[in-house]
Structure formats: C-alpha cells, structure tokens
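Hi,

Here is the structure I promised to pass on to you. Have a look at it first, and then read on for my notes.

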Amino acid sequence: MRTMFARIWVVFAKEVIDNMRDRRSVSMAMIYPFIGPVLMGALIAFVGDTITALPESNFTLPIQGASRAPALVAYLEEHNVVVVAAPDDPQTAVQIGHIDTALIITENYTDSFGAERQATVNLVVDGSRLSAVVAMSRALYVCWVNTAPASVPSA
Amino acid sequence: MIEVEGLEKSFKAVHALRGVSFSAYDGEITGLIGPNGAGKTTTLRILYTVLRPGRGSAKVDGFDSRLEPREVQRRIGVLADSRGLYPRLTAREHVRYFGRLHGLAGASLEARIDALVSMLDMDDIADRRTKGFSKGQTMKVALARALVHNPHNVLLDEPTNGLDVGAARAVRNLIRRIREEGRCVLYIMSEVEQLCDRLVVVGHGVVLANGTAAELRARTGQQDLEEAFIQMTAAPPEMETP
C-alpha cells in the first residue's frame with residue numbers, strides 16, 4: 001500500500017510541475033479567481049454609489065393632490081424633499097420616463113386621516129428603473145414615517 | 001533471461017501472433033527481426049505487461065508477465081515503440097520521474113541520473129525541456145529513463161530508427177556495453193544489423209527462424225544476411241489449420 005501511495009505521489013508531483021509550466025492552463029485557471037472578485041466588487045461599488053449618492057441630493061417628489069395633505073407636504077419639505085405638482089396623468093408620465101415616481105394623495109385622504117383611519121396614498125413607479133426604485137423607497141420611507149401612528153409629526 | 005513460449009494474440013479478426021516461441025539469454029543481444037506487421041511489437045508489448053497474451057506465456061527471469069507484472073516491470077527496461085515525452089519537463093526530470101516510480105530516491109538516484117547523462121552524452125540537453133527535441137535527443141531521454149533502475153533485461157523497440165549515423169552508432173555501442181555487463185538485450189529491428197548474437201526472424205505471427213547469423217546463412221545458403229532475411233520472410237509459412 002505504501003509503495004502505491006508513493007507512486008501516486010510521484011505521479012501527482014510530476015503532473016503539478018507539468019501543468020504549472022503550461023502557461024495557458026495556468027492563466028485559464030487564474031482568470032476566474034482573480035477577475036471574478038474584481039467584477040463582483042465593481043458591480044457592488046456601482047450599485048452602492050447609485051443608491052448612496054441619491055439621498056444626499058435633494059429628492060424631487062411630484063405629488064398629485066398636495067393640497068389635501070398639507071401636513072404631509074410640510075413634513076416632506078422639512079426632510080429635503082422638493083415637492084412639485086405632478087402632471088395630470090402621473091401613470092403615463094412615469095411610464096414614458098418624464099418622472100421617476102409620483103405620489104397621488106387620494107380624495108378621501110383628509111377624511112380618513114381626520115377620522116384616524118388608514119389614509120391611502122398611491123405611489124406610481126416604474127420598477128424596472130434603478131433610480132425609480134431608489135426614489136420609491138425614499139418616498140415610501142418618508143410616507144411611512146409620516147403616516148405611521150406612532151410617529152405622526154406634531155405639525 | 002527472457003522466455004517466450006507459444007504466444008498467441010488476436011485483435012478481433014487479426015491474428016497478430018500464432019504461436020511465437022524463443023528465448024533471449026543473458027550476456028547476449030537477441031534481435032527480433034521481421035517485416036512490418038510481423039508481430040514483433042505485439043510480442044514485446046506482452047513481455048512488458050501492457051498486453052495479455054491470448055495463449056502461451058512470456059517470462060522474464062522466470063516471472064510470468066501476466067501473473068507477476070510488478071516483478072517483471074522491476075526487471076526490465078523498456079524503450080517502447082512510441083517514445084512519448086512530457087514536453088514541459090526537462091530530460092533530467094524525465095529520468096528522475098521514472099527512477100522515482102521504480103522506488104529510487106535521493107543521492108543514489110541523482111548519481112544514477114548523472115551517470116546516464118554522461119553515458120548517453122546528454123550534458124547539453126539534460127536541463128532543457130524536451131519540447132522541440134530532435135529524434136536523437138528524444139531517443140536518448142527515452143533510453144535513459146528505460147535504464148534508470150539498472151534493469152537486468154533491456155527491451156528495445158527499434159532504438160536506432162530515425163537516428164543519424166553518429167547517434168545510431170552511439171546507441172549500438174551502448175547496447176554492446178549492456179551486453180558486456182552480462183545483461184539480456186532483446187532488440188527489435190526492421191533492418192538487418194550485425195549487432196546481434198542471436199536472431200529471431202518473425203513473420204506472419206510465427207517464428208520463421210532462430211539462430212546465430214552464421215546458422216541463418218547456412219540454412220538459407222545466402223552469404224548476405226539481408227538476402228537471407230528476404231528469402232525467409234518472402235513466402236508465407238505453411239500453416240497448420242487448427
């Protein structure tokens with residue numbers, strides 16, 4: 001048995017030398033371990049930059065029916081959100097890419113909010129656009145903070 | 001000492017060997033000679049344990065190549081018909097690799113390699129990778145690795161094939177030297193050479209003649225050994241149908 005393992009070792013050692021001297025197979029073997037993490041890192045860095053760069057800039061949120069929720073609008077503006085009036089047809093505007101997202105404050109918002117019931121707002125977003133997804137998360141975040149009962153701003 | 005007895009081997013419909021028997025003695029160079037396709041290489045392959053005979057036996061120093069291949073491998077050095085070298089290993093590494101496979105190691109192996117390198121006049125190529133080696137250089141490497149474990153029996157399949165005059169002469173001198181050491185040399189060739197003590201003429205899978213050069217000359221009535229060879233291998237032998 002010992003001689004058999006010794007022979008296997010001799011053959012293995014020969015194969016290692018032979019293959020390490022084969023530049024093509026060595027470079028092929030090295031390419032994936034070296035290039036793979038670099039590509040992965042570049043991808044993660046790119047996505048991370050896109051996501052982290054956005055919140056620092058002023059976030060423009062088109063709102064339809066802003067007058068129905070003055071407290072919400074005031075709160076959003078307080079949190080660096082530039083509130084603008086949404087186009088008449090927010091769905092189409094988002095679809096064709098004029099705007100990333102739009103917040104629609106429904107007609108019964110004031111009544112519901114006043115009655116301490118759940119108040120409905122609609123967020124229009126094109127989920128296939130990265131910037132739109134970021135915009136959506138931000139809009140949802142500020143809306144959730146605003147509308148969650150525990151953190152209703154005093155304003 | 002090599003004894004081949006009644007060796008038969010078929011590859012599907014091809015009867016390569018139809019009962020080959022001969023002996024190769026220590027201290028002699030035995031030439032296995034015959035036209036292409038006569039069965040010389042098949043006989044040799046059975047001897048060096050890579051083929052199993054259909055019938056009959058091949059023995060090296062009394063060990064049967066089929067029953068005790070390890071013992072046979074230890075006792076033979078083989079220059080096979082294909083010399084296949086690893087192109088990215090140096091000549092010295094080839095010899096060292098085969099030495100290690102035979103269980104040699106350390107200073108004794110290195111000393112043996114050095115001895116072979118100087119004996120085969122390989123100093124200039126010993127530490128070069130074998131890629132791009134000439135036929136003669138390849139032959140030297142193949143010979144050195146066949147002889148690294150100092151085998152008592154040496155099997156050579158056309159060792160001078162494709163060599164220039166100088167290299168062929170060097171190989172012949174080496175073969176004579178192995179004989180002088182009292183070892184057994186079995187030597188396949190397709191051309192008649194004056195090197196052999198004993199000639200075994202093979203044709204159509206059988207032994208057509210077996211004897212010294214003088215005996216073969218006397219038997220055929222030809223003074224020229226080459227003519228004798230042509231005469232012996234020309235007509236297919238009468239074969240008994242089993």
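How many residues does the contact take from chain A and how many from chain B? Chain A gives eight residues and chain B gives ten. Please keep in mind that this is a predicted model, so every value below is computed from it.

Let me start with the interface. The two chains, A and B, bury about 1,100 Å² between them, and 53% of that area is on carbon and sulfur atoms. On the chain A side, the residues that lose the most area to chain B are A:Arg7, A:Lys14 and A:Arg21, which together make up 56% of what that side buries.

Next come the charged pairs. Side chains of opposite charge can pair when their charged atoms come close. The rule finds three salt bridges across the interface of chain A and chain B, and 15 over all chains. In one of the three, B:Arg88 meets A:Asp18, at 3.3 Å from N to O. B:Arg88 sits in the loop between β6 and α3 of chain B, while A:Asp18 belongs to helix α1 of chain A, so this pair joins two chains. B:Arg88 also forms a salt bridge with A:Asp22, where the closest N and O atoms are 3.8 Å apart. Between chain A and chain B there are four residue pairs in polar contact, counting those with both residues at pLDDT 80 or more. The side of chain A that touches chain B has five charged residues, three nonpolar ones and no polar ones.

You may also like the largest pocket, which holds about 900 Å³ of space. It is lined by 29 residues, and the closest to its centre are A:Arg7, B:Gln73, B:Phe98, B:Leu101 and B:His102. Two or more lining residues come from each of α1 (2-20) of chain A and α2 (69-75), β6 (76-79), α3 (91-101) and α5 (135-147) of chain B. Helix α1 of chain A gives the most, with five residues. By class, the lining divides into 14 nonpolar, nine polar and six charged residues.

Best wishes

Conventions:
Residues are numbered from 1 along each chain as its sequence is written. Chains are lettered from A and ligands numbered from 1 in the order in which they are written. This is a predicted model: local features need pLDDT of at least 70, side-chain atom pairs count only at pLDDT 80 or more; totals for chains, interfaces and linings use all residues. Side-chain values use heavy atoms; hydrogens and water are left out. On a 1 Å grid over the protein atoms alone, a cavity is a set of points where a 1.4 Å probe fits but cannot get out, and a pocket is an open set with protein on both sides within 12 Å along at least five of seven lines; lining residues have an atom within 4 Å of a point. Grid points are joined across faces, edges and corners, and a volume is the space filled by probe spheres set on the points. Helices (H or I, at least four residues) and strands (E, at least two) are DSSP runs, numbered from the N terminus. Ala, Val, Leu, Ile, Met, Phe, Trp, Tyr, Cys and Pro count as nonpolar, Asp, Glu, Lys and Arg as charged, and the others, Gly among them, as polar. Contact means heavy atoms within 4.5 Å. Buried area is the accessible area (1.4 Å probe) that two parts lose on being put together, summed over both. A salt bridge is a side-chain nitrogen of Lys or Arg within 4 Å of a carboxyl oxygen of Asp or Glu. A polar contact is a pair of N or O atoms within 3.5 Å; within protein, one must be able to donate a hydrogen and the other to accept it, and residues adjacent in sequence count only if both atoms are side-chain atoms.
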